[in-house]
Amino acid sequence: MARFLVTGGAGYVGSHVVLALLDDGHDVVVFDSLRTGHRAAVPEQASFVHGDLADLDCLNKVLAEGPWDGVLHFAALSLVGESMQDPMLYMSANAGIGFGLIDACVRHGIKRFVFSSTVGLFGSAGDAPISEDTPVDPGSPYGESKYMVERALYWADRIHGLKSACLRYFNAAGADPAGRAGEDHRPETHLIPLVIDAALQRRPALTLFGQDYPTPDGTCIRDYVHVTDLARAHLAVLPLLNEKSVTFNVGTGRGNSNREIIESVGRVTGLDVPWKAGDRRPGDPPCLVASPARLMEATGWAPEFTDIDRIVETAYAWRKVHPQGYGA
Ligand SMILES: NC(=O)c1ccc[n+]([C@@H]2O[C@H](COP(=O)([O-])OP(=O)(O)OC[C@H]3O[C@@H](n4cnc5c(N)ncnc54)[C@H](O)[C@@H]3O)[C@@H](O)[C@H]2O)c1
Ligand SMILES: O=c1ccn([C@@H]2O[C@H](COP(=O)(O)OP(=O)(O)O[C@H]3O[C@H](CO)[C@@H](O)[C@H](O)[C@H]3O)[C@@H](O)[C@H]2O)c(=O)[nH]1
């Protein structure tokens, strides 16, 4: 059994990783400001510290209560559009806070660090699968702020020996298959929960952003990776960090267009999905699909959810039981 500090563990991806760590028999302390997360998303078996990473006194106090077998860092702001409006907010909330956390981890002798990076590093990628060798070209201050943390981790290893895994998530989707956690962003901007809520008539018709992209059906293509598969990837990389730092893309290698998502939600729910055509959303690349080969070769990880309908089923199941998400 090992003991981990999880920043942002009350959020969507973090809460699913907390479940995976607990299921694997580990001890977990969640550190979260609840800015976008939910107290109810933190399982009872995990300890909870309500704190902001900007509060270094609070952070140092928690880190001093070691020993720790690693820190997993999910806490961030992650609205691409918001970052285009207020770039410095993202530089401070993601890059600045990331630097402070890395520095504190080095001072407290932490040896292993896992970081939530993003496919948002590849703002202008073409339609070929994106590998770890694809040139980085962040399309937004959000993507840039994540890349700055990746670079800080590179130097933290070279100079201090802190081993890290930068996991570049593609589109996280779905919910815990056992129904213990789900997706509840406020505001919700992600396609699958929006389409499900449109089908359930819990919001107006979905606006489909752009139908004139250079893709087979004219709508954008994304690589939807089930959040539980994503969580398993975090556990899979931990043993590697005893020796070296790594960077991996985490996706399925398969893409689905926005139209295919609407069709999938229609099939899974048996409901009509009201939608209307809208303009392109600025900054949306036409196609983002991972090449997860390097992660698979290095760890044996493979996605268990390879059919978009199975992913949508888990998201729909959670939403039906939790129409208000995690509540007020
Ligand atoms: N959801 C995706 O598809 C996706 C894709 C790529 C990368 N990511 C990255 O994965 C991570 C998790 O994403 P998510 O969708 O779960 O987001 P989320 O908003 O649900 O979770 C983020 C959590 O961090 C907490 N937090 C934010 N700032 C904090 C601070 N200063 N101190 C303490 N806690 C703080 C929030 O309260 C929240 O619980 C983020 O770093 C995000 O950039 C997500
Ligand atoms: O109301 C909506 C919302 C979304 N979309 C489209 O659906 C696709 C997927 O959008 P979304 O679910 O917002 O995901 P992304 O824009 O691909 O970004 C997400 O996935 C990135 C990784 O790919 C992360 O870095 C970001 O944090 C996360 O928001 C895009 O083509 C959107 O234009 C619509 O057509 N209508």
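1. Starting with where the two halves meet: 29 residues of domain 1 are in contact with 21 residues of domain 2. Keep in mind as you read that this is a predicted model.

2. Which elements build the domain 1 side of that contact, with at least two residues each? They are α3 (80-85), β7 (171-173), β10 (224-226), α7 (227-237) and β11 (246-250). If you want one element to look at, pick α7, which gives the most to this side, with 5 residues.

3. As for chemistry, the side of domain 1 that touches domain 2 divides into 17 nonpolar, 8 polar and 4 charged residues.

4. Now the domains themselves. The assignment puts 3-173 plus 225-250 in domain 1, and 191-222 plus 254-321 in domain 2. Their C-alpha centres lie 24 Å apart.

5. On to ligand 2, which has 21 residues around it. The closest are T118, H190, L191, F209 and C220, so those are the side chains to bring up on screen.

6. Which domains feed the shell around ligand 2? Domain 1 and domain 2 each give at least three residues to the shell. At the level of elements, α6 (191-199) and β8 (206-209) are the ones that give two or more residues, and β8 has the largest share, with 4 residues.

7. By class, the shell around ligand 2 comes out at 10 nonpolar, 8 polar and 3 charged residues.

Conventions. Residues numbered from 1 in each chain as written. Chains lettered and ligands numbered in written order. Predicted model: local features only at pLDDT ≥ 70, side-chain atom pairs only at ≥ 80, totals over all residues. Domains from an automatic or database assignment. Contact = placed C-beta atoms within 7 Å. Nonpolar A, V, L, I, M, F, W, Y, C, P; charged D, E, K, R; others polar. Near = placed C-beta within 6 Å.
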